[in-house]
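Welcome! Open your viewer, keep the selection tool at hand, and let us walk through this model one stop at a time.

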Amino acid sequence: MKKIIIIDGGPRKNFNTASMLQKFAEGARAVSNQVELKTVRLYDLYYKGCMSCMACKIKGKAANVCKFKDALTPVLEEIADADGLVLGSPIYFGDVTGQMRTFMERLAFPWLSYNDYSLTAPKRMPVVLIETMNGLPERNNSQGYGSMEPCIAIALGKPEHVVAYNTYQVKNYDRYELASFSEEAKRHYRDEHWEQDLQKAYDAGRRMAESLLQN
Ligand SMILES: Cc1cc2nc3c(=O)[nH]c(=O)nc-3n(C[C@H](O)[C@H](O)[C@H](O)COP(=O)(O)O)c2cc1C
């Protein structure tokens, strides 16, 4: 049995990011029932970012999984033992959500050696990074996973990206003060792209599951 952990870093249970992650899971599930999928919603958990406790760097007891105990601990331990990892986040002010960033601090700081600046995860594994945003492919402010991405690439493996642009931020644009968006233009873009975006997430799920079963 292979295990993929899906980390949902968005607050909304049934909106864009969650839908992309659900499609990823569907794609992986369609390949084989030998692939176990677990989705963790970060907004359901109460946890902190790296506490700088340095427990992961104590001489003779250095660890590449965070030692600080809170609701994130079992998630980090499960990732250490998983076969694939998917991170999904909406873009907020150009970055992934604070919740996702906080999670990634706890994930990656124990990988980092201050002896030689190497980055070593407990296990290498395929990674998919999913982003959803208002911006367009040709005009957006997304830094994506930012400075965490090179850490992930070195420690786990080069990630694959799946991005949904110009998403619907609300279901009904008439109800809110959102005058800088034309709902008509949004709808037009969505009609042309959203199903394809979901399909890209589904295909990424298939690819990850297939690659895990080959190895
Ligand atoms: C607090 C906040 C900040 C946002 N900042 C950006 C941004 O900087 N760039 C952008 O393209 N979209 C931005 N958006 C739009 C969301 O990224 C976009 O609607 C996303 O698809 C929402 O994901 P969700 O439907 O899963 O919640 C922002 C939305 C919120 C609520």
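## Start at the ligand

What you have on screen is a predicted model. Begin by selecting the ligand together with T167: an N or O atom in the side chain of T167 sits 2.7 Å from an oxygen atom of the ligand. Now add T132, where a polar side-chain atom is 2.7 Å from a ligand oxygen atom. R12 joins the picture too, with a polar side-chain atom 2.9 Å from an oxygen atom of the ligand. How much of the ligand does the protein bury? Taken alone, the ligand exposes 650 Å², and 83% of that is buried by the protein.

Widen the selection to everything around the ligand, and you will have 16 residues. Those that come nearest are N16, T17, I91, T132 and T167.

## Into the core

Next, hide the ligand and select I7, L85, L87, M100, F103, M104 and W111. These residues have the most contacts inside the largest nonpolar core, which has 36 residues. Try colouring the elements that give two or more residues to this core: β1 (2-8), α2, β3 (84-92), α3 (98-108), β5 (127-132) and α4 (148-155). Which element gives the largest share of this core? That is α3, with 5 residues.

## Along β3 and just past it

Stay with strand β3 and pick P90, which has its place there. Is P90 buried or exposed? Its relative accessibility is 12%, under the 20% cut-off, so P90 counts as buried. For a sense of distance, select P110 as well: the two prolines are 20 residues apart in sequence, and their C-alpha atoms are 25 Å apart in space.

Move on to F93, in the loop between β3 and β4 (95-96). F93 is exposed, with a relative accessible area of 84%. Look at its backbone as well: phi of F93 is positive, about 50°, although F93 is not a glycine. That deserves a glance because most residues other than glycine have a negative phi.

## A nonpolar patch on the surface

Turn on the surface and select M54, Y114 and Y117. Together these residues make a nonpolar surface patch of about 350 Å². M54 belongs to the loop between β2 (35-41) and α2 (73-81), and with a relative accessible area of 33% it is partly exposed. Y117 lies in the loop between α3 and β5 and is exposed, at 59% relative accessible area. Y117 also has a positive phi, near 60°, in a residue other than glycine.

## A tour of salt bridges

How many salt bridges does the structure hold? There are 12, and three make good stops.

- **K23 and E26.** Their side chains meet in a salt bridge at 3.2 Å, N to O. Both residues lie in helix α1 (residues 16-31), 3 residues apart, which is about one turn of the helix. K23 is partly exposed at 25% relative accessibility, and E26 is partly exposed at 35%.
- **E78 and K38.** The closest N and O atoms of this salt bridge are 2.9 Å apart. The pair links distant parts of the chain, with E78 in helix α2 and K38 in strand β2, 40 residues apart. E78 is buried, with a relative accessible area of 18%, whereas K38 counts as partly exposed at 32%.
- **D44 and R41.** Here the side chains meet in a salt bridge at 3.0 Å, N to O. D44 is partly exposed at 46% relative accessibility, while R41 is buried, with a relative accessible area of 15%.

Before leaving, go back to E78 and K38 and add K3 and E36 to the selection. K3, E36, K38 and E78 are linked in a network of salt bridges.

## Last stop: S142

Finish in the loop between β5 and α4, where S142 is found. Which partners does the side chain of S142 reach? One is the side chain of E131, in a polar contact of 2.8 Å. Another is the backbone nitrogen of G144, reached at 2.9 Å. Show S142, E131 and G144 as sticks, and you can see both contacts in one view.

Technical notes:
Residues are numbered from 1 along each chain as its sequence is written. This is a predicted model: local features need pLDDT of at least 70, side-chain atom pairs count only at pLDDT 80 or more; totals for chains, interfaces and linings use all residues. Side-chain values use heavy atoms; hydrogens and water are left out. Patches are made of residues with over 30% relative accessible area and no salt bridge: like charges are joined within 9 Å, nonpolar side chains (Val, Leu, Ile, Met, Phe, Trp, Tyr) within 5 Å. Accessible areas come from the Shrake-Rupley method with a 1.4 Å probe; for residues, only the protein chains shown count as cover. A salt bridge is a side-chain nitrogen of Lys or Arg within 4 Å of a carboxyl oxygen of Asp or Glu. Helices (H or I, at least four residues) and strands (E, at least two) are DSSP runs, numbered from the N terminus. Buried means under 20% relative accessible area, exposed over 50%, partly exposed in between (1.4 Å probe, protein chains only). A residue is near a molecule or strand if one of its heavy atoms lies within 4 Å of it. A polar contact is a pair of N or O atoms within 3.5 Å; within protein, one must be able to donate a hydrogen and the other to accept it, and residues adjacent in sequence count only if both atoms are side-chain atoms. A nonpolar core is a set of buried Ala, Val, Leu, Ile, Met, Phe, Trp, Tyr and Cys residues joined through side-chain atoms within 4.5 Å.
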